Amino acid sequence: MNERAIYGLAMPFNDAYWNYNKLTNTYTFEKTNRESVYLDNVVGATIGHDYEQELGRTDRGTLCIHINDRGLFFKIIPDSPLAWDAYRKVKKNQIRHCSLSFKVKQERDFKEEQRAAELFELLNWKEKIIVQDYKMIKVFEVCICNSPANKDTWCTTNKNDPRLKGIQWESDSK
């Protein structure tokens, strides 16, 4: 079967998101990992986190999700005019990234904060650091977009893209 679809990496693992607060002179790092990721009962796919622009859903078989050591990957199988329009935009590189929505439980990682503080002191840096470790990430939506929080995300229509190597989609076996 020569199925056309949108593929992507919505969440790289063993990664960290960071923000800098100028008022407090503090960096906050949020760590992600595979072990903390869970999927909601139904996960939807959208354009730009707009829930009125739904592209697929896990319960309809139009959204497949694969989680491995590299990250959370997805496959959207277009079945509506909106989804086909999104497919064409990804194919033309008009949309190149993706993102996700999730609920999170996190804890401060004081050990990592102490190690970073010691390094900062050696370098004579004055900034403070907070490290939040995501203990549970419950994913309920993935989206294609051009303004992701994580620039290491990507999407493609090329099912032979080398970045997809080793991924088996459950719909491929049906």
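Contact here means heavy atoms within 4.5 Å. By that rule, and leaving aside neighbours within four places in sequence, K89 is in contact with Q94 and I95. The model is predicted. This briefing covers an open sheet of 4 strands, a helix lying across two of those strands, a nonpolar surface patch and a set of salt bridges.

**Sheet**

- The strand order is β6-β7-β1-β10, and the pairing is antiparallel.
- The edges belong to β6 (63–68) and β10 (154–156). Each has a single partner strand, so one side of each is left without a neighbour in the sheet.
- From one strand to the next, the twist averages 20°.
- Strand β1 spans residues 6–12 and runs antiparallel to β10, with 3 bridges joining the two.
- L9 has W154 as its bridge partner in β10.

**Helix α1 and K89**

- Helix α1 covers residues 81–91. It lies across β1 and β10, at about 75° to β1.
- K89 sits in this helix.
- K89 has a relative accessible area of 33%. That value makes K89 partly exposed, because the class runs between the 20% limit for buried and the 50% limit for exposed.
- K89 and T156 are 67 residues apart in sequence. Their C-alpha atoms are 9.8 Å apart in space.

**Nonpolar patch**

- L119, L122, L123 and W125 make a nonpolar surface patch of about 460 Å².
- W125 is placed in the loop between α2 (110–122) and β9 (128–145).
- The relative accessible area of W125 is 46%, which puts this residue in the partly exposed class.

**Salt bridges**

- The count comes to 11 salt bridges. Three pairs are described below, among them K31 with D109.
- K31–D109: the closest N and O atoms are 2.9 Å apart.
  - The pair links distant parts of the chain, with the two positions 78 residues apart in sequence terms. K31 is in strand β3 (residues 26–31), and D109 is in the loop between β8 (97–108) and α2.
  - K31 is partly exposed at 24% relative accessibility. D109 is buried, with a relative accessible area of 16%.
- R34–D69: these side chains meet in a salt bridge at 2.8 Å, N to O.
  - This pair also links distant parts of the chain, its members being 35 residues apart. R34 lies in the loop between β3 and β4 (37–47). D69 lies in the loop between β6 and β7 (71–76).
  - R34 is partly exposed, with a relative accessible area of 34%. D69 is exposed, at 57%.
- E113–R108: the closest N and O atoms of this salt bridge are 2.7 Å apart.
  - E113 counts as buried at 9% relative accessibility. R108 counts as partly exposed at 38%.

**Exposure across the salt-bridge pairs**

- In the K31–D109 pair, the acid D109 is buried and the base K31 is partly exposed.
- In the E113–R108 pair, the acid E113 is buried and the base R108 is partly exposed.
- In the R34–D69 pair, the acid D69 is exposed and the base R34 is partly exposed.

Terms used
Residues are numbered from 1 along each chain as its sequence is written. This is a predicted model: local features need pLDDT of at least 70, side-chain atom pairs count only at pLDDT 80 or more; totals for chains, interfaces and linings use all residues. Side-chain values use heavy atoms; hydrogens and water are left out. Two strands pair if DSSP finds at least two bridges between them. Axes are lines fitted to C-alpha atoms, for helices over the stretch in contact, and angles run from 0 to 180 degrees between N-to-C directions. Patches are made of residues with over 30% relative accessible area and no salt bridge: like charges are joined within 9 Å, nonpolar side chains (Val, Leu, Ile, Met, Phe, Trp, Tyr) within 5 Å. Accessible areas come from the Shrake-Rupley method with a 1.4 Å probe; for residues, only the protein chains shown count as cover. A salt bridge is a side-chain nitrogen of Lys or Arg within 4 Å of a carboxyl oxygen of Asp or Glu. Buried means under 20% relative accessible area, exposed over 50%, partly exposed in between (1.4 Å probe, protein chains only).
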